[in-house]
Amino acid sequence: MPTKPAGTLYRGREGMWSWVGHRITGVVIFFFLLVHVLDTSLVRVSPEAYTAVIGAYKNPLMALGETGLVAAILFHAFNGLRVIAVDFWKKGAKYQRQMLWIVLAVWLVVFAGFAIRHLSLALGGH
Amino acid sequence: MTATNIQSPRSGQSGSGKIAPKYQRSGSSRSNFEMLAWLFMRLSGVVLVVLIFGHLFVNLLVGEGIHAIDFGFVAGKWADPFWQFWDLAMLWLAMLHGTNGVRTIINDYAEKDASRFWLKVVLYAATTVIVILGTLVIFTFNPCPVVDGVQLPGGFCPKP
């Protein structure tokens, strides 16, 4: 097997970059999921252990992290629905580019709504 | 003038309908595992959109949001079988969906057979531990623990 590919199949533009984004967000979400099951499992240890660790999610820096995580989840979700449309809808492949712009528009609206609500709750007077 | 006859890629001799030998994959051991994995990603994906959006909405956007989350919050949810099964479905589907995604990435980028093998061993071990741990936590959890002889407060707990 050659160590370097002879050419490249990466074609850029909406198709490739949405695929890159889907992979990166997927990996980020997966690693968070592992941590999140572990931290939630502390409810089985003791109420104090759980409440102490979940307290770590409530500082301002983590609030930004959570907002970033939700940004990744929303992109992965909406782009995933686009992938399903590309695969199962007769005209999906033809309109994949337009569908990516729809994905980004919906993402922007939903993410803005989430970020405003979550950050004002998380950073607000408490 | 003879027209050039271009065969479609999967036909052997033109018109025979057979797959040319050079396109044949190793014959007898073919399974449709990869097709089922592909299908699973799409089906679980749709369900996960609903489960995770619901999870985020109920835990982060309602009431005082993240500040409401503590032991009592989780206990209150898991005192109800509805949320137990919601979280169980989310755990299993998300872990299998994520594991298959990472498996695809390992297959794409790890070139040596040995690296692919060991990366997948680590991945499957982590998945097994997390799925079993999460499942046990959801179903063996006691939402009404008695700490030092005192019942923790919670409207969902039976009176001692």
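## A tour of chains A and B

Chain B has 160 residues, and 37% of them count as buried. Before you click any further, keep in mind that this is a predicted model.

**Stop 1: chain B on its own**

Start by selecting chain B and colouring it by secondary structure. You should find 4 helices and 2 strands. Walk along the sequence and the order reads α-α-α-α-β-β. Switch on a surface next: chain B exposes about 10300 Å², and carbon and sulfur atoms supply 67% of that area. If you like contact maps, consider the contacts in chain B between residues at least 6 apart in sequence; 57% of these join residues at least 24 apart.

**Stop 2: chain A on its own**

Now hide chain B and show chain A. Which secondary structure elements does chain A have? There are 4 helices and 0 strands, and the pattern along the sequence is α-α-α-α. Chain A has 126 residues, of which 39% are buried. Its accessible surface comes to about 7600 Å², with 73% belonging to carbon and sulfur atoms. On a contact map of chain A, take the contacts between residues at least 6 apart in sequence: 65% of them join residues at least 24 apart.

**Stop 3: where the chains meet**

Bring both chains back and select the residues of each that contact the other. The selection should hold 44 residues of chain B and 41 residues of chain A. The size of an interface is often given as the accessible area lost when the parts come together. For chain B and chain A, the buried area is about 3500 Å², and carbon and sulfur atoms give 75% of it. Which three residues should you highlight on the chain B side? Pick L61(B), I66(B) and H67(B): together they supply 17% of the area that chain B buries against chain A, more than any other three residues.

Turn to the polar side of the interface. Between chain B and chain A there are 10 residue pairs in polar contact, counting pairs with both residues at pLDDT 80 or more. To see which elements of chain B take part in the interface, select α1 (33–61), α2 (71–78), α3 (81–109) and α4 (113–140); each supplies at least two residues of the side that touches chain A. Colour that side of chain B by residue class and you will get 28 nonpolar, 11 polar and 5 charged residues.

**Stop 4: a salt bridge across the interface**

There are 2 salt bridges across the interface of chain B and chain A. For one of them, select D108(B) and R23(A) and show their side chains as sticks; the N to O distance is 2.5 Å. D108(B) lies in helix α3 of chain B and R23(A) lies in helix α1 (residues 13–41) of chain A, so this pair joins two chains. Are the two partners buried or exposed? D108(B) is partly exposed, with a relative accessible area of 44%, whereas R23(A) is buried, at 16%.

**Stop 5: a salt bridge inside chain B**

Stay with helix α3 of chain B and move to R103(B). This residue forms a salt bridge with E34(B), and their closest N and O atoms are 3.0 Å apart. Since R103(B) sits in helix α3 and E34(B) in helix α1 of chain B, the pair ties together parts that are 69 residues apart in sequence. R103(B) is buried, with a relative accessible area of 9%, while E34(B) is partly exposed, at 48%.

**Stop 6: a network in chain A**

Over all chains, the count comes to 6 salt bridges. For the last stop, select R13(A), E14(A) and R97(A), which are joined into one network by salt bridges that share partners. Within this network, E14(A) and R13(A) have their closest N and O atoms 3.4 Å apart. What differs between these two is exposure: E14(A) is buried, with a relative accessible area of 11%, and R13(A) is exposed, at 52%.

Keep R13(A) selected and check its backbone. R13(A) lies in helix α1 of chain A, and its phi is near 60°, a positive value in a residue other than glycine. That residue is a good place to pause the tour.

Note on methods. Residues are numbered from 1 along each chain as its sequence is written. Chains are lettered from A and ligands numbered from 1 in the order in which they are written. This is a predicted model: local features need pLDDT of at least 70, side-chain atom pairs count only at pLDDT 80 or more; totals for chains, interfaces and linings use all residues. Side-chain values use heavy atoms; hydrogens and water are left out. Contact means heavy atoms within 4.5 Å. Buried area is the accessible area (1.4 Å probe) that two parts lose on being put together, summed over both. A salt bridge is a side-chain nitrogen of Lys or Arg within 4 Å of a carboxyl oxygen of Asp or Glu. A polar contact is a pair of N or O atoms within 3.5 Å; within protein, one must be able to donate a hydrogen and the other to accept it, and residues adjacent in sequence count only if both atoms are side-chain atoms. Ala, Val, Leu, Ile, Met, Phe, Trp, Tyr, Cys and Pro count as nonpolar, Asp, Glu, Lys and Arg as charged, and the others, Gly among them, as polar. Buried means under 20% relative accessible area, exposed over 50%, partly exposed in between (1.4 Å probe, protein chains only). Accessible areas come from the Shrake-Rupley method with a 1.4 Å probe; for residues, only the protein chains shown count as cover.
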